[in-house]
Amino acid sequence: MARWASEGGELTEPIRAPDSERAFGCPKRMVFGPCGGVRADGACEMAPRPCVFDDVVRWPGATTPGEPVDVPLVLTDFSAPPFDPDALSDVTRILASSCDAVLVGEHQDRPDFPPPVLARLLLAAGITPWPTLACRDRNRIVLEQELHGLRHVGVRTVLCVTGDGRAYDVRPEVTQVFDLDGTRLASLAASLRLIAAVVETPTAPPHAVRPLRLVEKQRAGAGVAILNHVGAATELRRFMSAARAAGLAMPVIASVPVYTDPASAAALQGLPGLDLPASSVARVLAADDPVSAGVDAAVEEARAVLAVGGIAGVNISGSASSRGHIFAAEVKAEIGRRIRLEAER
Ligand code: SF4
């Protein structure tokens with residue numbers, strides 16, 4: 001253990017790799033791997049070789065109790081053109097009455113305002129932001145600065161992720177930092193009395209230990225989890241029952257992918273660790289009205305995942321449409337409204 005001086009207190013956080021040999025072999029320098037980007041055949045997301053993690057690394061520190069969390073029934077992905085406060089306000093106006101909070105992404109190919117700036121804009125516009133903080137583009141000190149900044153502007157929940165690797169053709173001159181991984185960032189966030197949200201990818205190898213990995217993130221201080229899309233509710237049920245048997249107690253939100261045209265479906269299919277059944281995509285895209293079919297498919301999926309024990313909410317995820325951010329927000333708002341209406345019945 002090493003001591004880490006911090007404004008307003010002193011944080012303790014394990015920085016020594018339980019297995020540093022393994023961390024050296026991971027292009028993301030992860031200690032608490034494996035990441036969600038492990039390919040179906042066990043290959044690394046970032047290098048032409050197998051992933052170095054074949055099991056779960058246990059959290060070695062004391063368990064940090066997570067802060068109590070108001071779990072959103074509907075958490076909607078926020079999509080607006082970057083560096084555009086007017087577009088942000090327009091999208092917020094459309095989404096505000098259809099969801100409990102918005103998940104603000106951090107994309108490897110689309111920089112935007114820093115998370116505290118985005119969060120302040122969203123709060124001022126009248127919506128609760130769950131900003132994402134990724135370890136890819138910031139060193140450890142800047143991550144800590146961002147966490148303090150988020151807390152200062154009034155954010156309660158921050159999604160702590162390692163981050164997917166930057167594609168080889170996206171700003172190849174820019175370094176990728178990965179001083180921390182998502183688990184250690186969650187611990188740091190919890191120590192600052194933020195609610196640390198974390199992600200797990202049930203469909204990524206090694207499948208059998210993914211539920212345990214989520215439990216280790218809970219032990220590190222995570223207070224709420226978001227699961228990447230699982231192709232079928234039976235798979236989700238299997239994952240949840242294994243995780244709960246292993247000690248998972250924090251609330252879990254399941255992702256519901258939204259697509260209404262080939263471009264929005266392709267964007268989701270290109271994401272590592274997201275299992276989107278080809279038959280479902282084909283059914284939506286072949287419909288006479290793919291927008292209605294996409295909305296219906298998302299509402300149906302939300303109904304199915306909310307029936308799984310331990311799932312407390314849904315994350316309406318994806319770009320939804322290639323017809324611009326206003327149209328896409330209207331699609332997501334319609335889905336959110338219908339999910340809320342069903343829940344009230
Ligand atoms: S798949 Fe992820 S965790 Fe595994 S070695 Fe590659 S970057 Fe590291």
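This section describes the cis peptide bonds and the positive phi angles of non-glycine residues in a predicted model.

Two cis peptide bonds are considered here, each involving a proline. One joins Gly33 and Pro34, with omega at about -5°. Pro34 lies in the loop that runs between α1 (20-25) and β3 (74-78). Another cis peptide bond links Pro205 to Pro206, and its omega is about -10°. Pro206 is likewise placed in a loop, namely the one between β7 (195-200) and α6 (210-220).

Attention then turns to the backbone phi angles. Phe83, a residue other than glycine, has a positive phi near 55°. Phe83 belongs to the loop between β3 and α2 (85-95). The surroundings of Phe83 comprise 12 other C-beta atoms within 10 Å. Phe83 is classed as exposed because the criterion for that class is 12 or fewer such atoms.

Ala320 also shows a positive phi, of about 75°, although Ala320 is not a glycine. Ala320 is located in strand β10, which spans residues 311-320. The count for Ala320 is 32 C-beta neighbours inside 10 Å. Since a residue with 20 or more such neighbours is buried, Ala320 is assigned to the buried class. Thus, of these two residues with positive phi, Phe83 is exposed, whereas Ala320 is buried.

Technical notes
Residues numbered from 1 in each chain as written. Predicted model: local features only at pLDDT ≥ 70, side-chain atom pairs only at ≥ 80, totals over all residues. Helix = DSSP H or I, 4+ residues; strand = E, 2+ residues; numbered from the N terminus.
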